[in-house]
Amino acid sequence: MAAVTATMTPTVVSTSTITPTVMAGNEIIEASPSATQSTNVDDWFVYSPIVVDDSIRYGRVIVSPAILYPDPGMAARRQNPSRTFPNEEVYLTFTDELILEGSTYYEVVEDGWIAASDIEELFPSAYQGIQIVSFPQGGFGWMVDDGWSYQSPPSEDRQRRRGAYLTRYSLHEVYDIAIQEDGERWYKLGDQRWVADVDFSYVSLREGNPTMNQKPRWIEVNLSHQNLVVYEDEIPVYAALVSTGREPAWTGEGAYTIYNKIDIHPLISPDPVAIGDYYLEDVPYLLYYQGSWAIHSAYWHDEFGKPNSHGCVNLSLSDAAWLFAWAQEGDWVILYRE
């Protein structure tokens with residue numbers, strides 16, 4: 001089945017009560033009242049109790065070529081390979097290990113055994129997005145890097161002083177936004193806590209149904225801020241950080257519908273010259289929306305909130321599991337930049 005492509009251009013309308021503060025010459029020239037701060041930061045969201053399969057382990061092959069053998073003994077002797085991967089970048093999954101004469105060997109899920117010395121074991125990101133149970137009074141978002149907040153946005157007439165130290169992936173409500181002359185945004189996360197746009201992924205919520213369809217379910221991917229929001233009955237129900245394409249494999253804008261759901265499948269580079277020669281075994285939770293482009297889990301990196309994919313939309317394992325369970329073929333996927 002081919003993907004259905006929409007002809008409309010998505011336009012985001014923020015439902016936040018925040019009116020951005022405008023700055024000129026690094027001085028505030030138009031101030032706006034901040035949103036009323038919630039008494040309990042977590043009264044409008046919950047974390048989903050998604051449990052992913054922890055019996056599967058993950059690894060990056062650190063030798064070239066990557067070779068599998070029929071059993072641990074042959075892997076020890078490097079004899080009679082059962083499979084050789086031609087790809088330069090190979091990621092495998094395994095479920096069992098065996099120690100033979102002091103050396104460890106892993107049983108790859110489908111094809112054979114590989115020496116543990118040939119594998120760098122990976123541990124998928126523990127990051128998880130949120131289920132939205134009621135509208136936050138202002139905006140919200142996540143820190144995408146560890147860093148200091150500041151007591152105020154940059155200003156020429158006063159020394160910028162540090163505020164609190166904020167950790168990566170920490171979730172914060174936003175009570176005001178300051179926009180400088182050069183377009184840089186600063187977000188107020190609390191009393192004397194301002195952070196720059198480069199360190200923060202702000203979630204823009206939409207008001208109304210952009211799909212012009214009687215089925216008010218859709219997924220929006222904000223390519224500028226590297227986050228995703230899921231809507232049901234025109235209400236946001238889930239939000240998470242994503243990783244979309246990095247140069248030269250930028251993720252394109254557009255509106256499509258999900259045309260295929262696949263529980264688990266390997267991903268192989270469609271263009272080794274342009275975006276690298278890779279093989280990713282047993283990638284779970286794939287939602288295809290255009291050709292080979294999909295929203296899917298990524299067990300091989302922990303860079304959510306930043307572009308880091310070969311063009312697809314990457315989610316953490318737990319977020320991808322939630323979205324896969326929610327999504328249906330025919331649901332809209334809207335990708336846009338601000």
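These legends walk through several close-up views of one predicted protein model.

The model is predicted, so local features need pLDDT of at least 70, side-chain atom pairs count only at pLDDT 80 or more, and totals for chains, interfaces and linings use all residues. Residues are numbered from 1 along each chain as its sequence is written, and side-chain values use heavy atoms, with hydrogens and water left out.

**Figure 1. The whole chain: three helices and 28 strands.**
Helices (H or I, at least four residues) and strands (E, at least two) are DSSP runs, numbered from the N terminus. Of the 338 residues in the protein chain, 51% are buried; buried means under 20% relative accessible area, exposed over 50%, and partly exposed in between (1.4 Å probe, protein chains only). The accessible surface is about 15600 Å², and carbon and sulfur atoms hold 48% of it. Such areas come from the Shrake-Rupley method with a 1.4 Å probe, and for residues only the protein chains shown count as cover. A contact is a case of heavy atoms within 4.5 Å. Among contacts between residues at least 6 apart in sequence, 66% join residues at least 24 apart.

**Figure 2. An open sheet of three strands, in the order β15-β12-β19.**
The pairing here is antiparallel, and two strands count as paired if DSSP finds at least two bridges between them. Which strands are at the edges of the sheet? They are β15 (171–174) and β19 (200–203), each of which pairs on one side only. Neighbouring strands are turned by 30° against each other on average, direction ignored; the axes are lines fitted to C-alpha atoms, for helices over the stretch in contact, and angles run from 0 to 180 degrees between N-to-C directions. Strand β12 (residues 139–143) and β15 share four bridges, and F140 stands opposite E173 in β15. Strands of a sheet pair through backbone hydrogen bonds, either parallel or antiparallel.

**Figure 3. The hairpin of β17 and β18.**
Strand β17 (residues 185–190) and strand β18 (residues 193–196) are antiparallel partners over four bridges. Look for W186, whose bridge partner in β18 is A196. Two residues lie between the strands, and Q192 takes a positive phi near 55°.

**Figure 4. The largest nonpolar core, with 61 residues.**
A nonpolar core is a set of buried Ala, Val, Leu, Ile, Met, Phe, Trp, Tyr and Cys residues joined through side-chain atoms within 4.5 Å. The residues with the most contacts inside this core are I130, F140, W142, I219, V230, I295 and L323. Strand β25 (residues 278–290) gives the most to this core, with seven residues. Apart from this core lies another, of 13 residues, among them A66, L68, F94 and A116. Beyond its neighbours within four places in sequence, V230 has contacts that include W218, I219, W322 and L323.

**Figure 5. Helix α3 and the buried residue H296.**
Why is helix α3 (residues 317–326) described as largely enclosed by the rest of the structure? Nine of its ten residues are buried, so the rest of the structure largely encloses α3. Among the buried ones are L317, A320, W322 and W326. H296, in strand β26 (residues 293–297), is buried too, with a relative accessible area of 2%. H296 and A320 are 24 residues apart in sequence, yet their C-alpha atoms are 6.0 Å apart in space. Leaving aside neighbours within four places in sequence, H296 is in contact with residues including L267, Y285, C312 and A320.

**Figure 6. Three exposed residues in loops.**
E101 is in the loop between β7 (89–100) and β8 (103–108). Although E101 is not a glycine, it has a positive phi of about 50°, and its relative accessible area is 79%. D233, in the loop between β21 (227–232) and β22, is not a glycine and has a positive phi of about 55°. Is D233 buried or exposed? D233 is exposed, at 54% relative accessible area. E207 lies in the loop between β19 and β20 (217–222) and is exposed at 58%. E207 and P236 are 29 residues apart in sequence and 9.3 Å apart in space, C-alpha to C-alpha.

**Figure 7. Two cis peptide bonds.**
One cis peptide bond joins S64 and P65, with omega about 0°; P65 is in the loop between β4 (57–61) and β5 (66–68). Another joins E247 and P248, with omega about 5°. P248 lies in the loop between β22 (235–241) and β23 (254–257).
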